Amino acid sequence: MIALLSALLLTTSASSNCAFEGESRRWTQQALQAWDRLDHDRIRMRAPTTPTLILFDEACVYRFTPTTAGPFQVGQRTYSVRAESHSGAVDLPGGGQVPARKLSFAAPLDGGGMFFVMSLPAVWRADKAEARDPERLAMVVFMHEFAHTQQGAGLGRRIDDLIRRGLPEDADDDSLQKTWSAVPDYVKAYEHERDLLYASAKAETYEVRRAKLDEAAVAMESRRATYLADKPLWREADDVFLTFEGTGNWAAWAWLTDPAGGAMAREDATAFIRGGRRWWSQDAGLGAMLALEGLMPEWPSLAFGDQGATVQDLITLSRRAKGQAGDQD
């Protein structure tokens, strides 16, 4: 009876020839389990959310609706699943479509909550131009974007508040980069603070980590004071978006270094996540989170919490945490 119910709920009409089984089901279960493991071990969210999921491969799309008694359950998250064929485009909640190609993003639902859209590993494998291992890359992207589905009450709320106060509605984590990337002195200032963050992350002693992170904080404040003095909302947004993207990249990095996940060495995982170092907030954000790892191990619960503690907040708090962090390497 249970098997029959699962079959009815996990498949669609025979005309679609799509069913949530095989690799698509195994990978989705592994991905959600990987997130739960990270949450349990490091983040410890008080109220994890269950986003709507839309996953697709080259022929089929799988729509996961949160429910209290669905046939697909991973940890505390339970879903009903509808599988259907697509013809090269995937419909989104509330209207609109995305092409059925390599992509991943999270966004708010009109009625509240979050939805998460991602192409499954088969689509990532089809991109022969990608130099990185597509299996690892697909999971890395899942961890990054799924992190954002858990941040609505904290960092997501802070972004919404910035927009209510006058930040452009289309502002995102790349806006400052798009504005200032043609200004050589700004780029030089950004790269200086980014490099200090990674120097802190790589340092072998608490004292050097602390000194490099404090130096990075001073450099960050100097850049903002120089170029964003008359743009207070953008100064704040710079901090929020740095944290938002940094936490996403850290979640991906944490999976890569997990012996039960990507099982990579820390330096190799860092290089994998940084890739071509194209996007400033993602690159510097990861550096900030890795620097904080060596100074205040409990930072994830604060960054993912309802207050949405930012990099600036966390650096300040880390100065009080020496007794807890000690000289952990």
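Six strands, taken as DSSP runs of E of at least two residues and numbered, like the helices (H or I, at least four), from the N terminus, form an open sheet of mixed pairing in the order β3-β4-β2-β1-β8-β7, where two strands pair if DSSP finds at least two bridges between them. The edge strands, each pairing on one side only, are β3 (72–74) and β7 (104–108). The model is predicted, and local features need pLDDT of at least 70, side-chain atom pairs count only at pLDDT 80 or more, and totals for chains, interfaces and linings use all residues. Residues are numbered from 1 along each chain as its sequence is written, and side-chain values use heavy atoms, with hydrogens and water left out.

Strands β1 (residues 52–56) and β2 (residues 60–66) run antiparallel and are joined by four bridges, with F56 standing opposite V61 in β2. Helix α2 (residues 23–43) packs on the sheet, touching β1, β2, β3, β4 (77–85) and β8 (114–119), contact meaning heavy atoms within 4.5 Å. Helix α4 (residues 134–149) also packs on the sheet, touching β1, β4, β7 and β8.

The lining of the largest pocket receives at least two residues from each of β7, α4, α5 (152–164), α9 (232–257), α10 (266–274) and α11 (280–293); by class, this lining divides into 18 nonpolar, ten polar and 14 charged residues, where Ala, Val, Leu, Ile, Met, Phe, Trp, Tyr, Cys and Pro count as nonpolar, Asp, Glu, Lys and Arg as charged, and the others, Gly among them, as polar. In the second largest pocket, α10 gives the largest share of the lining, five residues, and the lining comprises eight nonpolar, four polar and nine charged residues.

Notes
Axes are lines fitted to C-alpha atoms, for helices over the stretch in contact, and angles run from 0 to 180 degrees between N-to-C directions.
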